[in-house]
Amino acid sequence: MTRPGPPAGGSFPTRPGPPAGGSSPARPGPPVGVRPGPPPDLGDDETRHPAVDAAVRAIANAATLAPADQIAQYEAAYETLRETLATIDQT
């Protein structure tokens, strides 16, 4: 069985490269000076849920991490919240 080779003429079609000027445009980042604060004090501890409180703290703490680490932290918090809310709905 033979594998296909390059097109006739020996070269591939030209693909567009990066824009002229030597660098691509910078990606926008978060606004300067904007950081989430601690969760508000909701008062009565009887109405709070420890797993939800921990997930909210983890989300707030993620702001200090590198972007790649933030994603993992947000995904873990989301999973905790999803599981917690599912168990609350079943009761």
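A polar contact here is a pair of N or O atoms within 3.5 Å, where one must be able to donate a hydrogen and the other to accept it. Keep that in mind for Q70, whose side chain reaches the backbone oxygen of L65 at 3.1 Å. What you're looking at is a predicted model, and its protein chain has two helices and zero strands. Below is a quick tour, starting with the whole chain and then moving to the helices, the Q70 spot and the salt bridge.

**The chain overall**

- The protein chain runs to 91 residues, and 9% of them count as buried.
- Its accessible surface comes to about 8100 Å², with carbon and sulfur atoms accounting for 59% of that.

**Helix α1 and what it packs on**

- Helix α1 covers residues 50-62.
- With 13 residues, α1 spans 18 Å from its first C-alpha to its last, which is close to the 18 Å expected at 1.5 Å a residue.
- The buried residues in α1 are D53, A55, A58 and A62.
- Those buried residues of α1 pack against α2.

**Q70 and L65**

- Q70 sits in helix α2, which takes in residues 67-90, while L65 is found in the loop between α1 and α2.
- So the 3.1 Å link runs from a side chain in the helix to a backbone oxygen in the loop, and it fits the polar contact cut-off because 3.1 Å is within 3.5 Å.
- Is Q70 buried or exposed? Q70 has a relative accessible area of 18%, so it counts as buried, the cut-off being under 20%.
- L65, at 33% relative accessibility, is partly exposed because that value falls between the 20% and 50% limits.
- Setting aside neighbours within four places in sequence, Q70 is in contact with A62, A63 and L65.
- One of those partners, A62, is also among the buried residues of α1.
- Look from the other side, again not counting residues up to four places away in sequence, and L65 touches Q70 and Q73.

**The salt bridge**

- How many salt bridges does the count come to? The count comes to one salt bridge.
- It joins the side chains of R82 and E79, at 2.6 Å from N to O.
- R82 and E79 both lie in helix α2, three residues apart, or about one turn of the helix.
- R82 counts as partly exposed because its relative accessibility is 43%.
- E79 is partly exposed too, with a relative accessible area of 29%.

Notes
Residues numbered from 1 in each chain as written. Predicted model: local features only at pLDDT ≥ 70, side-chain atom pairs only at ≥ 80, totals over all residues. Heavy atoms only, no water. Helix = DSSP H or I, 4+ residues; strand = E, 2+ residues; numbered from the N terminus. Buried < 20%, exposed > 50% of the residue type's maximum accessible area, 1.4 Å probe, protein only. Contact = heavy atoms within 4.5 Å. Areas by Shrake-Rupley, 256 points an atom, 1.4 Å probe, with all protein chains shown as cover. Expected span 1.5 Å × (residues − 1). Salt bridge = Lys/Arg side-chain N within 4 Å of Asp/Glu carboxyl O.
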